[in-house]
Amino acid sequence: MSPEQNVDKMQEVVDYITHHVLDGQAWTLGGLHLDFAKANLPPWFTLSGLMGMIGAGLLCWLYCKVYDQKARVPRGITNFLEVIVVFVRDEIAVANLGKEDGRKYAWLFLTQFTLILTLNFMGLIPIFTTATGVLGVTAALAFTTFAAMVYLGVERFGFVGFLKNFIPHGIPLPVLFLLVPIEIAGIFIKTIVLSIRLFANMLAGHIVLFAMIGLIYIYGAPALPALLGGLFVFFLEMLVAFLQAYIFTMLSAIFVGQVLHPEH
Amino acid sequence: MKRYIFGMVFWIASTLCLAGLAIVVHTWIADAPPGRDFAAAAGLLLFNQGMFALADLGRGPKLDALGLIPGLLWIGGKLFVNCFTLFLLIGLQAVDIRVFVSVFFITYPLVLACGIARIHFASTP
């Protein structure tokens with residue numbers, strides 16, 4: 001194969017990767033092409049938004065319809081869902097917020113964990129795209145943590161009390177002029193970092209995976225060892241999908257816990 | 001015994017239904033008689049269906065006693081074969097990707113839903 005043909009194929013792979021990882025208003029599946037703009041859907045209705053709706057719909061169906069609340073001994077999918085609920089409640093919510101607050105606000109972390117986990121795993125199925133690989137989606141998810149921090153902090157301590165918690169105790173007055181702005185900026189930085197961490201991890205994994213498969217596409221049979229690399233990355237992505245959902249929820253719980261229990 | 005007979009009937013019936021769906025999708029996408037692309041997609045779908053049937057019919061007290069391990073091995077093995085075949089066929093362009101991907105990925109969610117539903121309803125507390 002001539003170098004020119006290789007360059008053409010490389011460009012095709014780059015175009016495919018770019019098209020796949022970027023958000024858009026079309027859903028391409030093999031020979032099928034669904035264009036949202038042609039269906040007169042509004043411009044804000046994007047593919048990642050649709051993926052979010054599918055994921056949320058699936059979770060609503062699972063927890064509202066399939067989950068058997070009356071079962072004394074859970075079986076089948078009820079058992080599987082209960083394992084997730086108990087894990088998030090005990091290992092994330094209660095561990096970081098204490099027993100009372102942990103049980104009270106477990107719903108928030110459970111929603112975050114299950115939604116992120118579902119969207120991450122949906123991204124590994126080629127029919128879907130990775131909604132969590134789009135900054136807008138992860139920013140919206142991180143905003144729920146920000147809103148929880150502010151709302152729960154104000155609800156517990158009042159508006160003035162919430163602001164007072166930004167002032168560290170036992171610090172000389174001149175240092176406070178430096179520390180208080182940092183403390184206030186911290187609440188925003190935490191939220192931004194939360195969204196970028198998830199976005200970057202999910203995006204990077206997919207790009208590497210496509211690049212591996214792209215090598216076989218460009219060079220043919222001599223690049224077959226890249227198949228093993230692709231498989232390795234795929235399984236790594238599965239681990240990352242779970243790990244990132246866990247890290248996001250864990251940090252979210254830690255941040256909310258810091259607001260509710262500033263003395264710690 | 002009753003569980004096995006019902007299970008066999010279920011798996012045969014669902015496989016026939018899914019094969020019908022795969023043919024419909026193929027005809028819709030490719031507008032040609034089923035060939036190599038269809039065979040590749042159908043083979044992989046059949047493998048997945050077979051794995052679900054195995055998980056359903058092959059369960060026993062010994063497997064249950066081992067807890068999660070057989071389930072995880074089963075999922076791992078299934079994923080490995082699926083990914084290996086998909087990456088190989090797509091990477092080498094051994095099949096018409098447009099037809100293969102469409103037939104496989106439109107039918108696969110139903111295979112998945114069908115398998116999970118059967119295992120859910122057949123599971124014991």
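Biologist: Why is Asp90(A) called partly exposed?
Modeller: In this predicted model, Asp90(A) has a relative accessibility of 31%. Buried would need under 20% and exposed over 50%, so Asp90(A) falls in between and counts as partly exposed.

Biologist: And what makes Arg89(A) partly exposed?
Modeller: The relative accessible area of Arg89(A) is 25%. That value also sits between the 20% and 50% limits, so Arg89(A) is partly exposed.

Biologist: How do you know that Arg89(A) forms a salt bridge with Asp90(A)?
Modeller: The closest N and O atoms of Arg89(A) and Asp90(A) are 3.0 Å apart. The rule asks for an Arg or Lys nitrogen within 4 Å of an Asp or Glu carboxyl oxygen, so the pair qualifies. As a general point, side chains of opposite charge can pair when their charged atoms come close.

Biologist: How many salt bridges does this rule give over all chains?
Modeller: The count comes to 3.

Biologist: What makes Asp101(A) and Arg156(A) a salt bridge?
Modeller: Here the closest N and O atoms are 2.9 Å apart, and the limit is 4 Å, so this pair passes too. The pair links distant parts of the chain: Asp101(A) is in helix α3 (residues 76-104) of chain A and Arg156(A) is in helix α5 (residues 135-164) of chain A, 55 residues apart.

Biologist: Is Asp101(A) buried or exposed, and why?
Modeller: Buried, because its relative accessibility is 6% and the cut-off is under 20%. Arg156(A), at 35%, is partly exposed, because that value lies between 20% and 50%.

Biologist: How do you know that Asp56(B) and Arg118(B) meet in a salt bridge?
Modeller: Their N to O distance is 2.7 Å, which is within 4 Å, so the name fits. Asp56(B) lies in helix α2 (residues 36-57) of chain B and Arg118(B) in helix α5 (residues 97-122) of chain B, so the pair ties together parts 62 residues apart in sequence. Both Asp56(B) and Arg118(B) are buried.

Biologist: Let's turn to a pocket. Which residues are closest to the centre of the second largest pocket?
Modeller: Of the 15 lining residues, the closest are Asn165(A), Phe166(A), Glu183(A), Gln258(A) and Pro262(A). The space in this pocket is about 400 Å³.

Biologist: Which helix supplies the largest share of the lining of that second largest pocket?
Modeller: That is α6(A), with 3 residues. In chain A, α5, α6 (173-219) and α7 (225-260) each supply at least two. By class, the lining has 7 nonpolar, 5 polar and 3 charged residues.

Definitions and conventions:
Residues are numbered from 1 along each chain as its sequence is written. Chains are lettered from A and ligands numbered from 1 in the order in which they are written. This is a predicted model: local features need pLDDT of at least 70, side-chain atom pairs count only at pLDDT 80 or more; totals for chains, interfaces and linings use all residues. Side-chain values use heavy atoms; hydrogens and water are left out. A salt bridge is a side-chain nitrogen of Lys or Arg within 4 Å of a carboxyl oxygen of Asp or Glu. Buried means under 20% relative accessible area, exposed over 50%, partly exposed in between (1.4 Å probe, protein chains only). Helices (H or I, at least four residues) and strands (E, at least two) are DSSP runs, numbered from the N terminus. On a 1 Å grid over the protein atoms alone, a cavity is a set of points where a 1.4 Å probe fits but cannot get out, and a pocket is an open set with protein on both sides within 12 Å along at least five of seven lines; lining residues have an atom within 4 Å of a point. Grid points are joined across faces, edges and corners, and a volume is the space filled by probe spheres set on the points. Ala, Val, Leu, Ile, Met, Phe, Trp, Tyr, Cys and Pro count as nonpolar, Asp, Glu, Lys and Arg as charged, and the others, Gly among them, as polar.
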